[in-house]
Amino acid sequence: MTRNLLSGSSFSLALFTAHLQIALRNILRHRRRSLLTVAAVAFSVFCLIVFQALIAGLHQKMMESALNLDTGVIQIHAADFNRNQTRLLPLANPGAIAPALATAGITSFAPRLKAQALILAGRHSASVLLSGINPSQEATITLVRQKTSQGTYQLGPDQILISKGLAEALGLTLNDSITLMVQSLFGQTRTGRFTVGGLFATGLESFDQSHVYLSLTAAQTLLEAEDAISEMAISCPPAQAAELAARLQQSLPAATYQVKVWQELVPDLAQLMELNDATFRLLILILFVIVAMGIANTMTTVIFERFREFGTLTALGVTPGGIVSLVMTESLLLGLFAALTGSLAAIGACAYLARYGIDLTHFTSANQYFVAGSVLKAILIPSDLVLANVITLATAAMAGLYPAWKASRLNPVKALSHV
Amino acid sequence: MSDATRIQLTLRDITRVYTPNNHQVQAVAGINLILRQGEFVCLAGPSGSGKSTLLNLIGTLDQPSSGTIHFDNREISSLSRSASALFRRSAIGFIFQTFNLIPVLTVFENVEYVLVLQGIGTDERQTRVTMMLAATGLTELAQRRVTELSGGQQQRVAVARALIGNPLLILADEPTGNLDSTSGAAILELLHHLNREHRTTILYSSHDPRIISLADRVILLQDGKIIEDRIQPRGA
């Protein structure tokens with residue numbers, strides 16, 4: 001009988017199953033060591049998922065606060081609008097904007113007329129940014145209505161909404177009169193008398209001291225800009241901003257209108273979030289280098305302890321590739337157990353933190369990123385959970401690679417005589 | 001040519017030199033040897049005579065410093081790691097002095113593993129392993145972990161594992177070295193029985209005169225050289 005002496009393959013389902021069984025039993029055989037390794041990796045997975053969920057929550061809170069304070073997620077201005085300009089620059093043909101918004105499927109938007117103004121109250125005065133708003137529409141964009149604690153947000157034609165801080169600075173209370181001085185659309189200085197109809201307090205002093213609100217009609221009258229608006233603010237999920245802005249810009253000619261997303265409107269926020277992400281990635285990298293070293297150390301110990309076993313397998317006809325697959329299976333199983341344990345613990349922790357959150361009042365001073373509230377809640381994004389598990393398994397695979405290669409290169413004679 | 005006279009293994013001018021601590025040691029020195037299919041041969045000689053080195057070279061676990069080894073007319077002394085593994089898988093059965101079983105597997109699984117490597121299907125594996133365990137008196141121990149067995153029982157598992165893949169050549173390095181005399185004789189008797197039944201060539205090493213006497217042919221080694229090669233009646 002003639003036999004092909006060099007035939008056969010390194011991999012088959014039955015061989016994989018056998019190696020899975022050997023790997024699993026070896027892990028269980030050294031329970032304490034396996035538990036320690038799995039616990040260390042699981043803790044890293046737990047940290048990765050929970051920190052990622054907290055950062056997602058932090059970013060949402062920062063966006064909610066920064067964008068809901070005034071900016072909105074998208075803004076439409078006149079084409080030559082510049083954020084640093086002081087000149088009133090109305091949008092040409094504002095009537096064309098509503099159909100474009102409808103086409104893009106946008107329902108939350110608010111027209112505004114903004115101008116620099118001087119507020120005069122007796123012997124006091126302050127330079128402010130005046131916003132003419134439609135209160136019911138504006139309430140879908142910003143949280144100023146929620147922060148209005150005295151008086152009304154639904155402003156009448158002769159009422160002004162100012163912050164409590166500004167009222168105190170100017171010595172004003174509810175229903176007191178003030179004078180607003182502005183430069184009209186035609187460049188003339190105009191004044192108007194208004195009574196303090198409402199008081200708000202966002203908690204962010206710099207914002208409160210510099211923003212006042214009139215009804216849109218009152219602002220148009222004062223600025224001699226009948227039916228004019230200088231800005232259309234839009235609210236939508238921040239993740240959809242770029243796509244919606246592109247759709248809007250298709251309907252609104254760029255020569256007349258500029259459509260900007262929040263990253264362009266509040267670049268500081270976008271940069272801060274990028275910085276957070278970069279810092280987080282660095283921390284994760286460090287964490288997983290430690291994880292990889294832990295697994296590699298365990299697997300190296302495993303190889304050392306089982307020299308003779310690998311020698312035997314080689315003698316039986318397991319190819320170097322088969323030895324690699326056996327060691328890698330063991331390394332991946334450790335990673336899998338750790339990923340499952342860490343993920344389950346993290347899901348539990350995230351569920352708790354999503355409900356109760358962490359109150360950051362004692363950890364941070366009032367700033368524009370925590371106007372919407374100081375309780376940081378976790379947001380667990382499913383793709384982040386999947387990513388954390390993929391990273392863990394990839395780390396386990398990489399950590400197992402060197403010991404596996406080492407085991408596959410063992411001299412079988414030396415391995416078989418190893419004591 | 002009948003199986004009984006067919007040349008299976010040819011060693012030509014085989015040497016193996018080691019250099020531990022920059023010190024040259026010639027473990028095997030210019031060995032020429034022919035084995036025919038179905039022979040039951042003992043490599044005899046004192047410790048350090050080169051028995052294990054020669055077995056390792058024939059089993060492709062090691063490569064000679066010079067010379068060639070042919071198995072069924074194929075040169076096997078310079079195969080790559082993967083090719084030599086495939087050769088061992090299909091042609092060689094090993095039995096070691098220290099048994100070298102996979103400790104986390106049961107008796108059945110240890111024996112079955114060789115067939116898994118050979119790509120044999122589940123049903124055939126079950127049948128063949130069951131028959132082999134019966135032939136080696138291990139049926140009752142099939143589901144026991146090998147770490148729970150005595151030395152003699154473990155060596156019987158090693159024999160079953162060596163035979164299950166229908167190897168063309170079984171290499172046994174001091175197979176009775178860790179066994180008491182009764183268990184050792186039983187293992188050799190088992191190997192001889194299987195040799196007669198399956199015509200599998202068996203080459204084992206020993207320095208125990210009683211075990212050496214059980215072989216049909218004895219090759220005596222000293223200082224890495226063959227000093228005697230004789231045919232003997234069993235029990236001589």
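1. Start with chain B. There, residues 24 or more positions apart supply 69% of the contacts with a separation of 6 or more. The model is predicted. Keep that in mind for every value below.

2. The make-up of chain B comes next. Seven helices and ten strands form its secondary structure. Its C-alpha atoms fill a box of roughly 45 × 45 × 40 Å along the principal axes. For 236 residues, a compact globule would have a radius of gyration near 18 Å. Chain B has 17 Å, so the value agrees with that expectation.

3. Cover and surface in chain B can be read together. Of its 236 residues, 57% are buried. The chain exposes about 9,600 Å². Carbon and sulfur atoms supply 48% of that area.

4. The charges of chain B are even in number. There are 22 positive and 22 negative side chains. The centres of the two sets lie 3 Å apart.

5. One residue of chain B deserves a look at its backbone. B:Arg199 has a phi near 60°, which is positive, and it is not a glycine. Most residues other than glycine have a negative phi. Where does B:Arg199 lie? It sits in the loop between α6 (181-198) and β8 (201-206) of chain B. Its relative accessibility is 34%, so B:Arg199 counts as partly exposed.

6. Now chain A. It holds 14 helices and twelve strands. Its radius of gyration is 32 Å, well over the 22 Å that the globule rule gives for 419 residues, so chain A is more spread out than a compact globule. The box filled by its C-alpha atoms is roughly 110 × 45 × 30 Å, taken along the principal axes.

7. The same questions of cover and contact apply to chain A. Buried residues make up 49% of its 419 residues. Among contacts with a separation of 6 or more, 78% join residues 24 or more positions apart. The exposed area is about 19,600 Å². Carbon and sulfur atoms account for 60% of it.

8. Chain A carries 27 positive and 23 negative charges. How far apart are the mean positions of the two sets? They are 19 Å apart.

9. Helix α12 of chain A, residues 320-355, can be checked against its expected length. At 1.5 Å a residue, its 36 residues should span 52 Å. The end C-alpha atoms are 51 Å apart, so the two values agree. Just after this helix, A:Gly357 takes a positive phi of about 65°.

10. Helix α11 of chain A, residues 307-316, is mostly covered. Eight of its ten residues are buried. Among them are A:Phe310, A:Leu313 and A:Leu316. A:Glu309, a further member of the buried set, is also worth locating in the view. Just after α11(A) comes A:Gly317, with a positive phi of about 110°.

11. A:Leu20 lies in helix α1 (residues 13-29) of chain A. Is this residue buried or partly exposed? At 31% relative accessibility, A:Leu20 counts as partly exposed. Leaving out residues up to four places away in sequence, A:Leu20 touches A:Thr329 and A:Leu333. A:Leu20 and A:Val327 are 307 residues apart in sequence, yet 9.8 Å apart in space, C-alpha to C-alpha.

12. A:Thr142 is in the loop between α4 (135-138) and β4 (148-151) of chain A. Its relative accessibility is 4%, so A:Thr142 counts as buried. Which residues does it contact, neighbours within four places in sequence aside? They are A:Asn68, A:Leu69, A:Asp70, A:Arg112 and A:Tyr153.

13. A:Asp227 is in another loop of chain A, between α7 (216-222) and β9 (231-234). At 59% relative accessibility, A:Asp227 counts as exposed. Apart from neighbours within four places in sequence, A:Asp227 is in contact with A:Pro94 and A:Gln220. The C-alpha atoms of A:Asp227 and A:Leu216 are separated by 8.9 Å, and the two residues are eleven apart along the chain.

14. One last backbone point. A:Asn93 has a positive phi of about 50°, although it is not a glycine. A:Asn93 lies in the loop between β1 (74-78) and α3 (97-103) of chain A.

Terms used: Residues are numbered from 1 along each chain as its sequence is written. Chains are lettered from A and ligands numbered from 1 in the order in which they are written. This is a predicted model: local features need pLDDT of at least 70, side-chain atom pairs count only at pLDDT 80 or more; totals for chains, interfaces and linings use all residues. Side-chain values use heavy atoms; hydrogens and water are left out. Helices (H or I, at least four residues) and strands (E, at least two) are DSSP runs, numbered from the N terminus. The radius of gyration is taken over C-alpha atoms; the globule rule is 2.2 Å times the number of residues to the power 0.38. Buried means under 20% relative accessible area, exposed over 50%, partly exposed in between (1.4 Å probe, protein chains only). Contact means heavy atoms within 4.5 Å. Accessible areas come from the Shrake-Rupley method with a 1.4 Å probe; for residues, only the protein chains shown count as cover. Lys and Arg count as positive and Asp and Glu as negative; His and the chain ends are not counted. The place of a charge is taken as NZ of Lys, CZ of Arg, CG of Asp or CD of Glu. The expected span of a helix is 1.5 Å times one less than its number of residues.
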